Amino acid sequence: MDETSRRVLVLGATGYIGSRLVPELLDRGWHVTAATSRPPTPDRFSWGHQVDWVRCDVTDAADVAVALEGVDAVCYLVHSLSTRGFSEIDRLGARTVRRGVDAAGVSRLVYLSGLVPQVPRHELSEHITSRLEVEEELLASSASSVALRAGVVIGAGSTSFEVIRQLGSLLVLQPVPLWLRSRVQPIAATDAVRALVEALEPDSTLQGAVDIGGPDVLRYPRLLAAYSRAARLLRVRVPVAMVPTPVAAVGTAGLVQAPFWTVNALVESLRHDMVCRPEATWVPADGGRLLGVREAMRRAVRGEPGTAEAPLPSDPDWTRQRAPVLDALRAPRSVRAGASLAWHRLRQLSD
């Protein structure tokens, strides 16, 4: 592929990872076609006027064919977790894009998937099963393809991080179900973007399903504690018996501002270990170190400028906790988080 003319189509460019990936690709000389399922809004993004925009519903073959014109590589970042019945939509989207990629003769296809627990397939949550189905569809493409499997992505604006942040801010006493002892291997947003950039390079050797994760493996209660330390909050985690997963999912969804179905699907995935396979784990080609949980949390909590962990103005409105009067009065963090949640719920009722 000619370095001076390489073009990448980013499907899901306006999402959390996409909005941080696009500027990195531009810096590396890619021409970017940014695809969104809604009318493009370039002014929302600092890079919005440096890319070509296209409106694309990945389940519509005609939309996909137009978006793929003149494209050398495709980065697939589309997920429908916030929609009920997301599995069927995601299967159709993956199939439509895979067929379009093959018909257009695209040379490289990269998908951001999810870590898959090493358990029988029928035991997987609907969320993980859906990611795996999409992955299998896209890897069947005639293009050189790779699925990068990530677990918890740490960064302000990431759904996983925001659920941790909002629960950690709201609850002084944090009930932790006894079954929530699974291990997790988070990855910093910086490193998730870095892996995608590497995978899209013409000379990348990454193929098939590759796990991406940071250097730390810890259990979920310790991940909650890591946020509390980074935010300098005194929080107590209380073990709680006999809390079925569906009850925990609904309860968590009710205590955060993230979309209900997204949180519900994520919580159902917590019962299994979400760690990288030693034999299939990404090692950065540049030899650089990976960010640990402590540093990634610090960047996200402080909103460190110039990092992928910092919040962006383009992040969804639900990621912002708003209580300006209480902020000015220096009210306790839990009070401010509660007021922000109440205001969010009132706005939902009025919409």
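These legends go with a set of close-up views of a predicted model.

**View 1. Strand β2 sits between two parallel neighbours, β1 and β3**. Start with strand β2, which covers residues 31–36. Five of its six residues are buried, and the strand is mostly covered. On one side, β2 is joined to strand β1 (residues 7–11) by five bridges, and the two strands run parallel. Look for Leu-11, which stands opposite Ala-35 in β2. Four bridges join β2 to strand β3 (residues 52–55), again in a parallel arrangement. Here Ala-35 turns up once more, standing opposite Val-54 in β3. To follow the chain, trace β1, helix α1 (residues 16–27) and β2, which make a right-handed β-α-β unit.

**View 2. Strand β6 pairs with β5 and with β11**. How many of the seven residues of strand β6 are buried? Six of them are, so β6 (residues 144–150) is largely enclosed by the rest of the structure. Strand β5 (residues 108–114) pairs with β6 in the parallel sense, over seven bridges. One residue pair to find is Gly-114 with its bridge partner in β6, Ala-150. Between these strands the chain passes through helix α4 (residues 126–139), and this β-α-β crossover from β5 to β6 is right-handed. Strand β11 (residues 208–212) also runs parallel to β6, and five bridges join them. In that pairing, Val-146 has Gly-208 of β11 as its bridge partner.

**View 3. Phe-45, Trp-47 and Trp-53 form a cluster of rings**. A pair of aromatic rings is described by the distance of the centres and the angle of the planes. The count for this structure comes to six aromatic pairs. In one of them, the ring centres of Phe-45 and Trp-53 are 5.9 Å apart with the planes at 35°, so this pair is tilted. Trp-47 and Trp-53 have ring centres 5.6 Å apart and planes at 15°, so their pair is stacked. Are Phe-45 and Trp-47 buried or exposed? Phe-45 counts as buried at 5% relative accessibility, and Trp-47 is buried as well, with a relative accessible area of 3%.

**View 4. Asp-211 and Arg-277 form a buried salt bridge**. Side chains of opposite charge can pair when their charged atoms come close. In this pair, the closest N and O atoms are 2.9 Å apart. The salt bridge links distant parts of the chain: Asp-211 is in strand β11, while Arg-277 is in the loop between α9 (260–268) and α10 (293–302), 66 residues apart. Both residues are buried, and Asp-211 has a relative accessibility of 1%. For a sense of scale, try finding Val-66 too: Asp-211 and Val-66 are 145 residues apart in sequence and 31 Å apart in space, C-alpha to C-alpha.

**View 5. Glu-136 and Arg-121 meet in a salt bridge**. A search of the whole structure finds 19 salt bridges. In this one, the N to O distance is 2.7 Å. Where do the two partners sit? Glu-136 belongs to helix α4, and Arg-121 lies in the loop between β5 and α4, with their positions 15 residues apart in the chain. Glu-136 is partly exposed, with a relative accessible area of 40%, and Arg-121 counts as partly exposed at 40% too.

**View 6. Arg-347 and Asp-317 make another salt bridge**. Their side chains meet at 2.9 Å, N to O. Arg-347 lies in helix α12 (residues 333–350) and Asp-317 in the loop between α10 and α11 (324–328), so the pair ties together parts that are 30 residues apart in sequence. Arg-347 is partly exposed at 34% relative accessibility, and Asp-317 is partly exposed at 32%. Elsewhere, salt bridges link several residues into a network: Arg-289, Glu-295, Arg-298, Arg-299, Glu-304 and Glu-309.

**View 7. Four residues make a nonpolar surface patch**. They are Val-172, Leu-173, Val-236 and Val-238, and the patch measures about 310 Å². Val-172 is in the loop between α5 (159–170) and β8 (173–177). With a relative accessible area of 39%, Val-172 is partly exposed.

Methods:
Residues numbered from 1 in each chain as written. Predicted model: local features only at pLDDT ≥ 70, side-chain atom pairs only at ≥ 80, totals over all residues. Heavy atoms only, no water. Patch = residues over 30% accessible without salt bridge, like charges linked within 9 Å, V, L, I, M, F, W, Y side chains within 5 Å. Areas by Shrake-Rupley, 256 points an atom, 1.4 Å probe, with all protein chains shown as cover. Buried < 20%, exposed > 50% of the residue type's maximum accessible area, 1.4 Å probe, protein only. Pairing = 2+ DSSP bridges. Right-handed = clockwise from strand over helix to strand, strands pointing away. Phe/Tyr/Trp six-rings, centres within 6.5 Å; stacked < 30°, edge-to-face > 60°.
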